[in-house]
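Subject: Structure handover

Hello,

Here is the structure you are taking over. Please open it before reading on.

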Amino acid sequence: MSIEEHPPQMSLFINARVMDPLSGLDQHADVLVANETVARIGKSLPLHELRSDSKIIDCKGHVLSPGIVDMRVFIGEPGAEHHETMKSASNAAAAGGVTTLIMMPDTNPVIDDMSLVEFVRQTARSRSLVRVFPTAALSQGLLGVKMTEFGLLSDAGAIAFTDGRSSTLDSQMMSRALTYAKDFGKLIISTNHDLSLGSGVMNAGLNATRLGLSGIPRESEIIPLERDMRLVAMTEGKYHAATLSTSSSVEVIANAKKKNLDVTAGVAIANLCLNELDIGSYRTFFKVLPPLRSEDDRQSMISGIKEGIIDVICSNHDPQDVETKRHPFAEAADGVIGLETLLSASLRLYHTDNVPLMRLLTCLTSAPAERLGLKTGRIQVGAPADMMLFDPDYPWILRKELLHSRSKNTAFEGARFQGKVLKTIVSGKIVFSMDE
């Protein structure tokens, strides 16, 4: 069968403000998509080149950027489908402009075996609207006792190694993990939380004392992070600190980068937009890990983003149902959902003149894609046509009944946002449209 019998599918996005963080492109242009990739970018592309069955999408001057690459997403499937399934997570991702999500290994059973990696990949292929890349557990069962088979898991398709919500407190294991992961060209993604110091339920300080709640000191994050920088220097490994929350942690990463260590860092959107005072009267939807810190720490996170010390903004999407959240604050599960609000919440930093729009898009799209070695996160000729169209000024109020996620534990219920995803495109196909 000849190529002519299967001509490439074509779509033309016209009247767009095309923003590509990787190249620095920011101009009003059209984007032609053919056969799942970006074919041309330019002003007033000729319509006569299109076939009769081609789609023309008028972007009406709104921003057309790469789709979000979310580096930290927890999905219930397998084992906790009542929290979130692959399908519901992908629906939420598409509604939020997320075209690629990186799935954490915290499932039941844990993703620490080749068969589980393949299960996630096959399930994603059949049920997900967006790209899903599984990480594999760094230690068997996430117990921090015995390492997993990095080589076999890499061959099966694991994109990185992490113990998800758990911290790797054994220094020898972290050293070996960094060494072995380097041999396979893989990234170690670390959660920095020393439970022996931080067994509390919220940020340590006067507010915790006032509420009568046990505190999580900032040192419980800083000390393991400082240790890891020493280990990265020793092993020359490839390391990503998943979710920073303190000003001192930003300083640790800044110093590591000055030494040219292969280190990057991320921050959860909750720690960029909220602080410990938002907990109010024991509101469990604000119970997260890392905990909401002081306003000074939050401002340090914003400065870290602006100055390029923090590389990635993630949702830290962690669905929990009413059975795990409707408890006294100290007993409720950690975690909030965030896929659908990641862009809109990030735009708060743009509208308050804290962070330029291009820098925000870098942290949401090209930076995580590059760190993971993905070809997405860019609008360039030949790249996968994974994009989002959004209006940065669109006003709206979040109502939980409108959420696509199976769980509704959002920290932004009733929040007023300015900026919304209008369309999400994966491999040239529109997988979400606000009008539909």
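The notes below go through two helices, one loop residue and a pocket.

Please keep in mind that this is a predicted model.

Helix α4

This helix runs over residues 171–183. Its 13 residues should span 18 Å at 1.5 Å a residue, and the end C-alpha atoms are 19 Å apart, so the length agrees with what is expected. At the start of α4, the backbone nitrogen of Gln172 has a side-chain oxygen of Asp170 within 2.9 Å. Just after α4, Gly185 has a positive phi of about 70°.

Which residues of α4 are buried? They are Met173, Met174, Ser175, Ala177, Leu178 and Ala181. An α-helix has 3.6 residues a turn, so residues three or four places apart point the same way. The cover over the buried residues of α4 includes two helices, α3 (150–156) and α6 (219–235), and two strands, β11 (187–190) and β14 (239–241).

Helix α7

The same check can be made on α7, residues 247–258. Twelve residues at 1.5 Å each should give a span of 16 Å; the end C-alpha atoms lie 17 Å apart, which agrees. The buried residues here are Ser247, Ser249, Val250, Val252, Ile253, Ala254 and Ala256. They pack against α6, β14, β15 (263–268) and α9 (295–306). α6 and β14 therefore appear in the surroundings of both helices, α4 and α7. Just after α7, Asn260 takes a positive phi, of about 65°.

Thr191

Thr191 sits in the loop between β11 and β12 (202–203). Is Thr191 buried or exposed? Its relative accessibility is 7%, and buried means under 20%, so Thr191 counts as buried. The side chain of Thr191 reaches the backbone oxygen of Gly164 at 2.5 Å. Apart from neighbours within four places in sequence, Thr191 is in contact with Arg72, Gly164, Arg165, Ser166 and Ser167.

The largest pocket

Rolling a probe the size of a water molecule over the atoms shows where empty space is left. The largest pocket has a volume of about 480 Å³. It is lined by 23 residues, and those closest to its centre are Arg125, Val130, Arg131, Val132 and Phe133. At least two lining residues come from each of α2 (114–127), β8 (131–134), α12 (357–372) and β19 (429–433). β8 gives the most, with four residues. By class, the lining has eleven nonpolar, five polar and seven charged residues.

Regards

Note on methods
Residues are numbered from 1 along each chain as its sequence is written. This is a predicted model: local features need pLDDT of at least 70, side-chain atom pairs count only at pLDDT 80 or more; totals for chains, interfaces and linings use all residues. Side-chain values use heavy atoms; hydrogens and water are left out. The expected span of a helix is 1.5 Å times one less than its number of residues. Buried means under 20% relative accessible area, exposed over 50%, partly exposed in between (1.4 Å probe, protein chains only). Contact means heavy atoms within 4.5 Å. A polar contact is a pair of N or O atoms within 3.5 Å; within protein, one must be able to donate a hydrogen and the other to accept it, and residues adjacent in sequence count only if both atoms are side-chain atoms. On a 1 Å grid over the protein atoms alone, a cavity is a set of points where a 1.4 Å probe fits but cannot get out, and a pocket is an open set with protein on both sides within 12 Å along at least five of seven lines; lining residues have an atom within 4 Å of a point. Grid points are joined across faces, edges and corners, and a volume is the space filled by probe spheres set on the points. Ala, Val, Leu, Ile, Met, Phe, Trp, Tyr, Cys and Pro count as nonpolar, Asp, Glu, Lys and Arg as charged, and the others, Gly among them, as polar.
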